[in-house]
Amino acid sequence: MPAELALKENIRYLGRILGEVIRNKEGEETFQAIEAIRQTAVKFHREEDPASAQRLDHLLKNLSSDQTIAVVRAFSYFKHLVNIAEDLSSPQSCTDEDRCEPGQLSYSLSQIEKKQLDPEEIAAFFSSALISPVLTAHPTEVQRQSILDIERAISSLLAKKTPGMSRQEAERNDLMLRGAITALWQTRMLRFARLTVNDEINNALSYYRMTFLDVIPELLQDFEREIGAQLDDAAYRLPNFFQMGSWIGGDRDGNPYVDASTLEQAIVQQAITAFEYYLGQAHALGGELSLTTHLVHVTPELLKLADESPDQSPHRQDEPYRRALIAVVSRLAKTCRELTGHEVNLRQISPAIAYACPDEFLADLKVIVDSLCRNHGEALIYPRLGKLIKAIETFGFHLATIDLRQSSDVHEAVIDELFLKSGHAFSYAELDEAEKIRVLLEELSQPRLMSSPFQEYSALAQSEMGVIRKARAVREKFGAHAVRQYIISHTETLSDLLEAALLQKEAGLSRGNWGSASIQMDLNIVPLFETIADLRNAPQIMDVWLKLPGVGHVVHHQGDQQEIMLGYSDSNKDGGFLTSNWELYKAEVALVKLFKRAGVKLRLFHGRGGTVGRGGGPTYQAIMAQPQGSVDGQIRLTEQGEIIANKFSDPRVGRQHLETLIAATIDASLFPQDQLSPARRRAFEMAMEELSTFAMDAYRSLVYETPGFTDYFFSATPISEIAELNIGSRPSARKATQRIEDLRAIPWGFSWGQCRLLLPGWYGFGSAIEKYLGAGDQRARILQLKEMLIEWPLFRTLLANMDMVLAKTDMAVAARYSQLVSDEQLRKTVFERIEAEYAATTRALNLLLESPVRLANNPMLAHSIRNRLPYLDPLNHLQVELIKRFRDGTADDRVKNGIHLSINGIAAGLRNTG
């Protein structure tokens, strides 16, 4: 059955079961009301019939309060079921071995062969490579864990539904699916209480248990074999180039609930998750490696390991592998208990000596590998033992590196207090930049500390220093990779980096004398450049940083490399979609040149979100669109919110996304698509600079310079209602104001998605194109823009993402939300400007893509979005009506509940919303 036909059948099948569940639980009248709304909405979208639109309005306005909730729930849950069906039929879940396309490792390997890269070049690439997805807990994932668990069960059952099933198997599968969908309908979708940081830690760890712990080692093991075969070296071993990262428990920027205790809780829970996996795998190995010395030989080292086993059973005296693994399990259980306090409930665990580090654990397993290899047992390594070794190499005892992050203004406040309490007669915060640098360098060179255990400090200073000191303790206990990066949000000046260095010194995370070759900093200082101005200043700040006395030695002890994080979200909120992308690109180009001159390896950390406005979009295309030299085998990038669930809830889909990340890093580093000549590049960059200027003017004119725009935004979107959702531990704004500047970029983008405007993903482009074409030879400029589209990955990816955003944008729906603005003149002024820019952007995109149809080059995605829209419209309509009632003072809990349910459903329908 063709994939598209199978998808349609699965969606109909799931929808039919949901309908039966609703009829059974809610009654025939409610079911018929929902069905009438569904059929009318579908007819309106297919035929664009005005009468259908009027009938839909009539049906929705005449719903009772209980029916309204039922309709919102029905359409929301149906979108969840559609997502499940689509994920199972997506290219990511396809297992066709004959496919060899960009984004697959088979394609990357074919390119290595085609380009005839020699083995030394390949080995050198992987020896210095680092690929690290970093999970964050930003509040855009609106699903409860219970809902996610049920949906995973539905996905698994639907995947098993194949034509080859027997009648009994098909009936059983159908009954199981009906049970799961019934449970879904009767399970509360919303949380009663706001998530805690501990909840977020546990949510993130669930993806390790369901996907990462099994899939990453399998993927790396298979990739190693494929490279070895290509190099004609069966013994080839990949270096440990893939590592997981996390912000959960260590990201304090704007989150008052993250402190030393959450950092400790995060690392302990991570370690327990890793140990439980290792113990399960090692225990299973003990059951599988039942080899007897009556039939095979073993190495002396294996016999020695077996003799260390507490197992004295006469039934296993001829089974040294089993005895050895009992010794391994006992030591591992002891290690888990000592590091985490967690007791492991496994039989045959006896007193043992804990492993001092993961390398000791690996050494025992490699004794087993060596014995198998020397005695014709190689085939026994791949199924489980080889995967376990890859897991330990990847996850260690810490599972994922936890980054610390805090805003530079908080650092400044703490440093100011430290100077004051240590007797200095000046206010550090009031010094100019040059004086700040001078006093910081002077203090860094002092052998003594400023802080004292006998001095009283503010709650802020105690909390901040407590986290950094806890990082030192965590590293001592779980290893250096447990906490490795210290990220400085809102890096604006050189002193911001030096403040982080001084805080490390105060916490005992630096050794040696500043300025001398002996100086070492345990945590890599990672500046995060977020706004347009910060991105423009980044090269200059880093140039001075690299030249400071002492920094060269610090960088040298970090492996002669420096990490820099780039903020997609705030640069977009600051300057708009086009300018954000362009300034990020320019900053990368300048930083690559700077670090190449300095002889220091640059690693970029991309703070990407779910929405296109926050750096979202297809991963492969995004990485391939990076400027030459900016990837160079190393990349870290955030995975946020509902994107984590979309990518990693299903192991098969998760494997393909991880494979795509590795493939993109290889291809962007070794086979970059950007092959422009210097003259061509200069011409394209000049055009882009001009476009960016026009786009930013248009965007800032609306968002920051239009009187009353903030009032419009807070009225015409459900931003206030989103802030009340219990979807994350972090407040929606950094400060208790209604300034756009203080609002977090995540709820900013999330809100525009809810009202179907998705403004951060396109606004300003239309004005930019119109002004650009009017500023010169129009025909020549159109030709150049089309050449940029064909030849320049940056421009091509930018337009492709905008094409997708506009396919989800609906001005008619957005107009309904504008009616929530009570000030009629403000509503008219702002919405008419947005409408005009939307029209201009649509014309511009049609011109460049040579098609009035959105996503003409991506029919699968276009089809998916078209099928979603009829089920989104009723949710949007009801959301507006419910918000009106709520803001007019209706205190009915059903109204508030309905708003939050509609937010959930719309987010599910749009998918990349956060």
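This section describes the overall build of the chain and then turns to a few of its glutamine and cysteine residues.

The model is a predicted one, and its secondary structure comprises 36 helices and 11 strands. A compact globule of 914 residues would be expected to have a radius of gyration near 29 Å, and the value of 29 Å found for the chain agrees with this. Along the principal axes, the C-alpha atoms occupy a box of roughly 85 × 80 × 60 Å.

Contacts and burial add to this picture. Among contacts in the chain with a separation of 6 or more, 81% join residues that lie 24 or more positions apart. Buried residues make up 59% of the 914 in the chain. The area that the chain exposes comes to about 36,500 Å², of which 51% is supplied by carbon and sulfur atoms. As for charge, the chain carries 100 positive and 119 negative charges, and the mean positions of these two sets are 3 Å apart.

Two glutamines offer a helpful local view. Glutamine 111 belongs to helix α5, which covers residues 105-114. With a relative accessible area of 12%, below the 20% cut-off, this residue counts as buried. Measuring from C-alpha to C-alpha, glutamine 111 is 45 Å from alanine 180 in space, with their positions 69 residues apart in sequence.

Glutamine 504 sits in another helix, α18, which runs over residues 494-506. Its relative accessibility is 0%, so glutamine 504 is likewise classed as buried. Which residues does glutamine 504 touch, when those up to four places away in sequence are not counted? The partners are Leu509, Ser510, Met521, Asp522, Leu523 and Ile525.

The cysteines round off the account. The count of disulfides in the model is zero, where a pair of cysteine sulfur atoms would have to lie within 2.5 Å. Cysteine 357 serves as an example: the closest cysteine sulfur to its own belongs to cysteine 336 and is 16 Å away, so the two are too far apart for a bond. Is cysteine 357 buried or partly exposed? Its relative accessibility is 27%, and cysteine 357 therefore counts as partly exposed. Cysteine 373 is also partly exposed, with a relative accessibility of 34%. Both values fall between the limits of 20% for buried and 50% for exposed residues.

Note on methods:
Residues numbered from 1 in each chain as written. Predicted model: local features only at pLDDT ≥ 70, side-chain atom pairs only at ≥ 80, totals over all residues. Heavy atoms only, no water. Helix = DSSP H or I, 4+ residues; strand = E, 2+ residues; numbered from the N terminus. Rg over C-alpha atoms; globule rule 2.2 N^0.38 Å. Buried < 20%, exposed > 50% of the residue type's maximum accessible area, 1.4 Å probe, protein only. Contact = heavy atoms within 4.5 Å. Areas by Shrake-Rupley, 256 points an atom, 1.4 Å probe, with all protein chains shown as cover. Lys, Arg positive; Asp, Glu negative; His and termini not counted. Charge placed at Lys NZ, Arg CZ, Asp CG, Glu CD.
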